[in-house]
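Open the model in your viewer and keep the selection panel handy. We will go from stop to stop, picking a few residues each time.

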Amino acid sequence: MSEDKLLENVIETQRKLATLIGVSGHENEVRDFILSELKKITDEAWIDKMGNVLGIKKGTDPNGLRIMIDAHMDEVGLLISFIESNGFLRFTPLGGIDKRLYPGSDIKVQTKSGKIVSGIIGMNPPHITDPKLRDKSPDYMDLFIDIGAKNEEEVKNLGIMVGSRAVLDGRFEYNPDIGGGFMRGRAFDDRTGCNVALQVAKLIKNSDPIPNTILYSFSVCEEVGGRGVPAATNELKPDIGIALENTIAADVPGVPLNKQITRLNHGPAFTVADRGAIYHEKLLEIFKIRAEELGFEWQYKTPAYGGTNAGIFHKMHKGIPSGCISVPSRYIHSPIAMVRISDVLATIKTLHAILMKPIEI
Ligand SMILES: [Zn+2]
């Protein structure tokens with residue numbers, strides 16, 4: 001595949017994935033898109049009972065390794081928890097959202113038929129708020145979504161009910177001219193990982209056959225505690241697992257280097273350890289070697305922050321040697337995240353090289 005074609009695929013897939021809504025437990029739109037893409041580039045693709053999209057690209061050696069690539073389809077968002085008689089919506093967060101982001105946020109609410117209704121997160125005007133509370137970030141329980149409806153009946157007639165999902169909206173943009181090229185938009189955690197997995201699957205389909213079998217898991221409900229990936233792991237039975245993430249880059253003013261976690265424009269991030277896993281040392285070594293063979297910079301994700309689906313699947317079966325590869329991203333779990341094109345491309349090419357060559361651990 002030419003460089004231009006790969007770049008075009010990356011941008012258009014990211015644009016599509018960042019436009020779809022897939023809050024935990026309601027990943028339907030993302031699932032439909034990924035399944036249709038995956039069917040074109042694997043031997044078999046299907047949906048399991050949890051709602052994960054799974055795929056298999058068989059290797060030439062029936063005794064070869066089974067290597068699972070996992071990226072999660074869900075994103076953090078809001079669940080409508082109550083409809084007030086005067087038409088306002090109450091909500092509860094699904095996944096970790098910084099409460100400082102709520103007031104005044106532009107909201108997209110998904111109706112039963114999949115249509116979108118716009119809303120605003122409102123709160124009491126400051127003029128009539130107790131001065132002691134004015135400087136504090138309100139809790140979600142004190143906030144509401146205003147879609148402009150006049151009463152509960154109108155809300156229900158629009159197809160919005162308890163359990164409907166909503167997201168803090170953020171517009172997708174690709175800018176090739178600043179900083180060497182970047183993309184910004186909603187739900188990059190972990191649609192960027194999904195994008196990387198789809199691009200790698202496409203590259204593998206167009207590459208020479210390999211002995212190892214590649215298994216794909218696009219999992220549900222990661223943001224609420226990795227609830228989807230155990231079923232995927234049980235079904236795919238991998239020998240090795242790699243979680244693909246879109247992780248925190250904190251290379252912004254006021255953050256010292258040792259706390260930046262990862263940085264944009266320094267290549268794929270390989271995790272040594274986080275709150276859920278201590279990653280397989282030999283696998284980590286292979287990741288570094290493959291990146292360096294391609295001339296890419298790579299970086300460590302500073303240990304101890306966060307967790308990934310690998311924290312769950314590495315303990316399954318008889319133990320699964322696991323690794324985690326991330327695309328660094330500023331402002332994850334906010335309405336607009338930012339990734340550098342160079343980091344996304346380097347991650348895709350490095351993972352492709354890892355899978356194409358023998359893995360001896
Ligand atoms: Zn994630």
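## Starting at a hairpin

Begin with Gly-51, which takes a positive phi near 100° in the hairpin of S1 and S2, where five residues separate the strands. Keep in mind as you look around that this is a predicted model.

Now select the two strands of that hairpin. S1 covers residues 44–47 and runs antiparallel to S2, with four bridges joining them. For one of these pairings, pick Glu-44 and look across to its bridge partner in S2, Ile-56.

Next, turn to the strand on the other end of a second pairing: S12, residues 213–219, is joined to S2 by five bridges, again antiparallel. Select Gly-55 and you will find Tyr-216 of S12 standing opposite.

Stay with S2 and colour it by accessibility. How many of the residues of strand S2 are buried? Five of the five in residues 53–57 are, so S2 is largely enclosed by the rest of the structure. Both faces are covered: one side carries Val-53, Gly-55 and Lys-57, the other Leu-54 and Ile-56, and all are buried.

## Into the core

Select Phe-218 and show its surroundings. Leaving aside residues up to four places away in sequence, Phe-218 touches Ile-34, Leu-38, Asn-52, Val-53, Ala-71, Met-73, Cys-194, Ala-197 and Leu-198. Phe-218 is also one of the residues that touch the most other members of the largest nonpolar core, a set of 62 residues; Ile-34, Ile-69, Met-183 and Leu-351 share that distinction. To this core H5 gives the most, with nine residues. Apart from it lies another core, of 20 residues; for a quick view select Leu-89, Ile-97, Ile-107 and Val-155, which are among them.

## The zinc site

Finally, centre on the zinc ion. Which residues are its protein donors? Select His-72 (NE2), Asp-189 (OD) and Glu-245, the last giving two OE atoms; the donors lie 1.9 to 2.6 Å from the ion. Along the chain they follow the spacing H-x116-D-x55-E. Asp-189 sits in helix H5 (residues 188–205) and Glu-245 in strand S13 (residues 240–248), so this pair ties together parts that are 56 residues apart in sequence. Asp-189 and Glu-245 are both buried.

Why is the arrangement of the donor atoms irregular? The four donor atoms around the zinc ion subtend angles of 51 to 138°, whereas counting as tetrahedral would need all angles between 85 and 135 degrees. For reference while you check the angles, the ideal value for four tetrahedral donors is 109.5 degrees.

Notes
Residues are numbered from 1 along each chain as its sequence is written. This is a predicted model: local features need pLDDT of at least 70, side-chain atom pairs count only at pLDDT 80 or more; totals for chains, interfaces and linings use all residues. Side-chain values use heavy atoms; hydrogens and water are left out. Donors are N, O and S atoms within 2.8 Å of the metal (3.2 Å for Na, K and Ca); water is not among the atoms, so sites may look incomplete. Four donors count as tetrahedral if all angles lie between 85 and 135 degrees; four count as square planar and six as octahedral if opposite donors are over 155 degrees apart and all others between 65 and 115; anything else is irregular. Buried means under 20% relative accessible area, exposed over 50%, partly exposed in between (1.4 Å probe, protein chains only). Two strands pair if DSSP finds at least two bridges between them. A nonpolar core is a set of buried Ala, Val, Leu, Ile, Met, Phe, Trp, Tyr and Cys residues joined through side-chain atoms within 4.5 Å. Contact means heavy atoms within 4.5 Å.
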